[in-house]
Each structure stands twice: as structure tokens, then as C-alpha cells.
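Open the model in your viewer and show it as a cartoon. Keep the sequence panel in sight, and follow the stops below.

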Amino acid sequence: MLMMVCVVSCGEAAPGAKFEELYRSSWAMDHCVNDGEVTKLKLDNSSGAGFESRSKYLFGKVSIQIKLVEGDSAGTVTAFYMSSEGSNHNEFDFEFLGNTTGEPYIVQTNVYVNGVGNREQRLNLWFDPTTEFHTYSILWSKRSVVFIVDETPIRVHKNLEDKGIPFAKDQAMGVYSSIWNADDWATQGGLVKTDWSHAPFIASYKDFKIDACEVPTASDLSKCSGEEQRFWWDEPTVSELSLHQNHQLIWVRANHMIYDYCFDAARFPVTPLECQHHRHL
């Protein structure tokens, strides 16, 4: 089990790349500013902003250090996610929901498979994500998707195809981040609106890392998905969390989780099938 810790962490050892080596601005280019080693996305009452990876990937680990919007960020959403394209897309989301000053930041994760999402979980972060940079990572293998904050797993979405449940494994994904106004739902269900007197709202990024299998084209996945291909994330020791990581995940769920779709009987009178099989979701 000790090897698991090394396998997950080894991709973090190398220094991060420069923004322009891995990413490019995808919209509102004047609201995406490179300031030395730090890239900033800006939201004001004219526009939000976003960036995207230059390549697409199938399996691996992506990480970014982010410092979220300071002060009164109510109504804003900052997202870091992987996604494929099309109506039947796959997607793994980190969404950071803005707050009023002094309230804890909420992080929402979600998983889309074949265009179907509605798998939200929400938790309060155990630190102030606006004062320093923290590392947010997505580890994607044929066996699972793991959401990680500062090397602490906060969610594991397992491959349960053997139970008849679809899993994201056959669509290449880009890596994205964006900031936008979502005051119709983001803070206290939309009750608290964006206070534009605090604009611009700025999310800062650095230490960009992608340790993943890059596909030549979105339709040519053979380099990354063939049975003969072996990568570090395919090792058997990556298929399960270590004992320490399991304890971390249990701690996060027990102390910081505030919403789990699996237990929302109002939305799902019949418990979703994957919830019946996941030990940790």
C-alpha cells in the first residue's frame, strides 16, 4: 500500500509547466492575464473568462494550484474541470461557489457520463482557499475518477461497468477553467446576488501540471486505451486508495460534506444505482 502513495504523488514531483505550454485563453482574452508565473482570470459586469488545454487526453492526472476570489465572492463560480465534447459528453467538475465574506467556501464536484450528470456532492473546505494557493487534482484511470485537494482525496467515483453502470473511458477530454457570474444559484441557492461594487473578481493560477496520455486526435484513442498500453495510473496499486487515503476520505466526508446526491430522496426517490454500490462516492 505504501507504493500507492508514491504512484499517486510521483506525478507531482516535477515542477509545473508555464501556462502557455499547456493552456490558452478560450474566451474573453482580455480578462485572462499572465503575470509572471501566475495567470489570472477576471470577472466583472461585462464578462467572465476561461482557458483550455491545448491538447486532449485519455486518462492520467491533471493538477493546478488555485487561489480563489478574495472577500465577498457571492454569486461567482470558479470552475476547474475536464470535459469531452458533444451532447453525450463526459465531464469531471470542481466548482467553487462564491460566498459572502467570512462564510466557508463550498466546493461542488460532479461527474457526467454520456451527457448525464446530476451527481453533485458539496463540501466546505477545511482552509481558507483565498489567502494562499492550494492544489486541486483529478486522477482518471480505467478504474476510477478521484478528486483530490492538496493530495487529500475528497471523492472517488469508481468504474462499475460490471454492475451495468456506464463509466467515462472512451472519450478524450480537454482540461478547462473559468470564472463566471452564477448568482441565480451559486450562493445560498441564488438568494445572495453578486455585488458588482467588489468587482473585478479574480481567481489566480500557477504550477500547471498534466501527467496524462495525450491523444493525437479526439477520435484516435489507440495510443492511450489499448490493452497493451500500460501507464502508471494502470498499476493495480492505483485501483484502491491506501489505508491513509481512505482515512482521509472518511474524515472529509464526516466533517466537511454538506450535500450528497445519493441521499437526496426529494430529487431521487429511487436511490441511483451507483450509490447502492459505492462505498465512498
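**Stop 1: strands E8, E9 and E15**

Select strand E8, residues 106-112, and strand E9, residues 121-124. They run antiparallel, and four bridges join them. Strands here are DSSP runs of E with at least two residues, helices are runs of H or I with at least four residues, and both are numbered from the N terminus. Two strands count as paired if DSSP finds at least two bridges between them. Now pick Gln-108: Arg-122 in E9 stands opposite.

Stay on E9 and add strand E15, residues 257-260. Three bridges join E9 to E15, and these strands also run antiparallel. Here Gln-121 faces Asp-260 in E15.

Before you go on, note that this is a predicted model, in which local features need pLDDT of at least 70, side-chain atom pairs count only at pLDDT 80 or more, and totals for chains, interfaces and linings use all residues. Residues are numbered from 1 along each chain as its sequence is written, and side-chain values use heavy atoms, with hydrogens and water left out.

**Stop 2: the whole chain**

Zoom out and select the protein chain. How many helices and strands does the protein chain have? There are five helices and 15 strands. The radius of gyration is 18 Å, close to the 19 Å that the globule rule gives for 281 residues, so the chain is as compact as a globular protein of that length. That radius is taken over C-alpha atoms, and the rule is 2.2 Å times the number of residues to the power 0.38. Along its principal axes, the C-alpha trace spans about 55 × 45 × 40 Å.

Colour by accessibility next. Buried residues make up 53% of the 281 residues. Buried means under 20% relative accessible area, exposed means over 50%, and partly exposed is in between (1.4 Å probe, protein chains only). Now think about contacts, meaning heavy atoms within 4.5 Å. Among contacts between residues at least 6 apart in sequence, 69% join residues at least 24 apart.

**Stop 3: Leu-22**

Select helix H2, residues 19-22, and find Leu-22 in it. Is Leu-22 buried or exposed? Leu-22 counts as buried because its relative accessibility is 17%. Show what it touches, not counting residues up to four places away in sequence: among them are Glu-52, Arg-54, Tyr-57 and Phe-208. Then try a distance. Leu-22 and Ile-202 are 180 residues apart along the chain, and their C-alpha atoms are separated by 21 Å.

**Stop 4: the E11-E12 hairpin**

Move to strand E11, residues 144-149, where you will find Ser-144. Ser-144 is buried, with a relative accessible area of 5%. Beyond its neighbours within four places in sequence, Ser-144 contacts residues including Leu-139, Val-156 and Phe-167.

Add strand E12, residues 152-158. Six of its seven residues are buried, so E12 is largely enclosed by the rest of the structure. Six bridges join E11 to E12, which run antiparallel. One place to look is Phe-147, whose bridge partner in E12 is Arg-155. The two strands form a hairpin with two residues between them. In the turn, Asp-150 has a positive phi of about 50°.

**Stop 5: Gly-71**

Find the loop between strand E5 (57-67) and strand E6 (76-83), and select Gly-71. Gly-71 is partly exposed, with a relative accessible area of 41%. Leaving aside neighbours within four places in sequence, Gly-71 is in contact with Asn-99 and Thr-101. Measure across to Phe-201, which is 130 residues away along the chain: the C-alpha atoms are separated by 9.1 Å.

**Stop 6: backbone details**

Select Pro-200, in the loop between strand E13 (174-181) and strand E14 (201-214). What kind of peptide bond joins Ala-199 and Pro-200? The bond is cis, with omega about 0°.

Go on to Ala-28, in the loop between strand E1 (23-27) and strand E2 (32-35). Ala-28 is not a glycine, yet its phi is positive, about 50°. At 22% relative accessibility, Ala-28 counts as partly exposed.

Finish at Asp-207, in strand E14. Its phi is near 55°, a positive value in a residue other than glycine. Asp-207 is partly exposed, with a relative accessible area of 25%.
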